[in-house]
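Please look at the sequence and the model shown below before reading on. The report that follows walks through a few of its packed helices, paired strands and contacts.

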Amino acid sequence: MNEAQRLVDLIPRLRRYARALVGDRAAADDLVQDTLERAWAKLHLYRRGTDLRAWLFTVMHNVHVNRVRATRPMDMLDDEMPELAQRPAQGDGLLVRDLERAIARLPAEQRAVLLLVTLEDMSYEEVARALAIPVGTVMSRLSRAREKLRLMMLGQSAAAKLTVVK
Amino acid sequence: MSEVQITESELQAYADGRLDLARSAAVEAWLAARPDQAERVAEYRRIAEALRAAYDPVLQEPVPERFTQALGAQPRLQRYAAVAAWMALGIAIGGVAGWQLHESRPASAPVADVGAVMARRAAIAHATYSPEVRHPVEVGADQEAHLVGWLSKRLGAPLRAPKLEAVGYSLVGGRLLPGDNGPVAHFMYQSNHGTRITLYVRTEAASNRETAFRYAKEGNVRVFYWVDRKLGYALSSGDTSKDDLFKVANAVYQQLNP
């Protein structure tokens with residue numbers, strides 16, 4: 001199978017990761033588009049026999065970082081995003097929304113690690129290579145991302161309980 | 001009791017199910033004595049499940065044509081083909097327009113010709129927008145309610161975007177176009193293979209009229225068109241067979257006239 005076909009086969013996975021990474025559907029698909037264009041232009045840099053998926057996610061990571069740098073410098077800070085106005089959770093339909101919002105509030109580099117591990121099921125070493133960071137950093141970002149999400153989700157259910165008591 | 005050391009990294013790897021049996025058992029023993037830590041790890045697993053449940057459905061979404069077009073050879077050909085179709089259409093229209101001028105027909109053209117004009121306009125719109133990679137529509141299918149509401153308001157008639165999944169097409173989105181009788185609604189659909197079909201909907205000057213399906217071929221674009229009371233419809237495609245397009249036209253008609 002040639003590389004172009006293998007790239008096509010990886011598109012749904014790129015989209016899934018991009019959707020979770022940037023949230024907005026149109027922006028996520030634009031990221032996928034830019035990634036594919038760049039990957040296609042740089043395909044001669046890909047070494048045959050190595051992991052095409054890992055290489056493609058590295059390309060996406062670089063494209064994403066460049067886009068974020070160009071448009072939203074705040075997102076790169078290793079701080080939590082500002083607290084958004086929150087509606088209390090009201091049922092299962094909103095749980096996904098809550099989760100999406102919580103993910104969006106994670107620092108970008110923690111979000112990337114968590115999503116590559118959880119959605120792509122990448123090994124910690126693969127994540128380290130894709131993001132060009134040490135494995136130790138992968139582990140600490142993963143740990144911090146999960147703990148922040150856990151606390152955010154706890155906070156949301158606590159908020160929901162409060163409104164019920166009201 | 002001598003205590004095994006469990007690192008935070010091992011807890012993470014445990015949550016991901018990536019420890020070997022021996023270490024996994026050690027972590028389980030460690031967690032058994034620490035309910036709060038056990039609950040924390042359990043929550044990590046629940047979050048992972050929730051993430052997969054939220055985003056795995058993206059894997060099933062049809063891949064937009066523009067993505068495969070980003071990947072080289074075949075797509076470029078398609079783009080040239082679309083441009084060629086557009087030019088052929090332009091020449092054809094020029095010819096027809098010239099012929100009509102030559103005949104010097106007055107404005108009161110017969111009813112059938114009004115429909116043919118609509119088919120031609122629809123074919124032009126199809127040839128213009130369907131090869132569009134980055135901006136095929138103004139409003140995407142993810143905002144379908146907004147799209148339909150907006151277009152209904154502009155046309156002054158309640159519209160619906162037919163659901164065509166049963167015949168293999170899903171809504172990409174739509175846009176507003178200028179037309180002879182006022183604004184026109186233009187919906188775009190796409191198959192899993194990237195084949196696009198557009199539905200051109202306009203208000204009719206003479207209402208309460210109904211026509212059978214009519215078929216036209218403008219350049220490379222096939223069009224089925226019909227009038228149903230206050231609205232005129234034209235369904236266009238560049239790379240669908242006449243029979244297949246007819247099936248889709250039937251599906252559209254049946255959905256709009258339940």
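The axes of helix H5 (residues 108–118) of chain A and helix H6 (residues 124–131) of chain A come within 10 Å and cross at roughly 135 degrees, where an axis is a line fitted to C-alpha atoms, for helices over the stretch in contact, and the angle runs from 0 to 180 degrees between N-to-C directions. H5(A) and H6(A) are therefore oblique to each other, given that angles under 35 degrees count as roughly parallel, over 145 as roughly antiparallel, 65 to 115 as roughly perpendicular and the rest as oblique. The crossing of H5(A) and H6(A) is right-handed; a crossing has this name if the near helix is turned clockwise from the far one by less than a right angle, and is left-handed if the turn is anticlockwise. From H5(A), the residues A:Ala112, A:Val113, A:Leu116 and A:Val117 make the contact, and from H6(A) they are A:Val127, A:Ala130 and A:Leu131, two residues being in contact if their C-beta atoms, placed from the backbone, lie within 7 Å. By class, this contact of H5(A) with H6(A) has 7 nonpolar, no polar and no charged residues. In this scheme Ala, Val, Leu, Ile, Met, Phe, Trp, Tyr, Cys and Pro count as nonpolar, Asp, Glu, Lys and Arg as charged, and the others, Gly among them, as polar.

This is a predicted model, in which local features need pLDDT of at least 70 and side-chain atom pairs count only at pLDDT 80 or more, while totals for chains, interfaces and linings use all residues. Residues are numbered from 1 along each chain as its sequence is written, and chains are lettered from A and ligands numbered from 1 in the order in which they are written.

**Chain A**

Chain A holds 7 helices and 0 strands, with helices (H or I, at least four residues) and strands (E, at least two) taken as DSSP runs and numbered from the N terminus. Of its 166 residues, 33% count as buried, that is, 20 or more other C-beta atoms lie within 10 Å of their own, whereas 12 or fewer would make a residue exposed and a value in between partly exposed. H5(A) is mostly covered, since 9 of its 11 residues are buried, including A:Gln110, A:Leu114 and A:Thr118.

Helix H1 (residues 3–22) of chain A also packs with H5(A), at an angle of about 145 degrees and with the axes 10 Å apart, and the crossing of H1(A) and H5(A) is right-handed. Here A:Tyr17, A:Ala20 and A:Leu21 of H1(A) meet A:Arg111, A:Ala112 and A:Leu115 of H5(A). The residues of this contact of H1(A) with H5(A) divide into 5 nonpolar, no polar and 1 charged.

**Chain B**

Chain B has 8 helices and 8 strands, and buried residues make up 33% of its 258 residues. The axes of H1(B) and helix H2 (residues 21–32) of chain B come within 10 Å and cross at roughly 105 degrees, and that makes H1(B) roughly perpendicular to H2(B). This contact joins B:Glu10, B:Leu11 and B:Tyr14 of H1(B) with B:Arg23, B:Ser24 and B:Val27 of H2(B).

Two strand pairings of chain B involve E2(B), and both are set out in the table; strands count as paired if DSSP finds at least two bridges between them.

| Strands | Sense | Bridges | Opposite residues |
|---|---|---|---|
| E1(B) (residues 139–140) and E2(B) (residues 170–177) | antiparallel | 2 bridges | B:Val139 and B:Gly174 |
| E2(B) and E3(B) (residues 184–190) | antiparallel | 7 bridges | B:Arg175 and B:His186 |

E2(B) and E3(B) form a hairpin with 6 residues between them, and B:Gly182 in the turn has a positive phi of about 115 degrees. B:Gly179 also lies in the loop between E2 and E3 of chain B, and B:Gly179 is buried, with 20 other C-beta atoms within 10 Å. Leaving aside residues up to four places away in sequence, B:Gly179 touches B:Arg121, B:Val184 and B:Arg202. B:Gly179 and B:Met118 are 61 residues apart in sequence and 8.8 Å apart in space, C-alpha to C-alpha.

**Between the chains**

The contact between the two chains takes 28 residues from chain B and 31 residues from chain A. On the side of chain B that touches chain A, two or more residues each come from helix H1 (8–15), helix H3 (35–55) and helix H4 (65–69) of chain B. H3(B) gives the most to that side, with 10 residues. By class, the side of chain B that touches chain A has 14 nonpolar, 5 polar and 9 charged residues.
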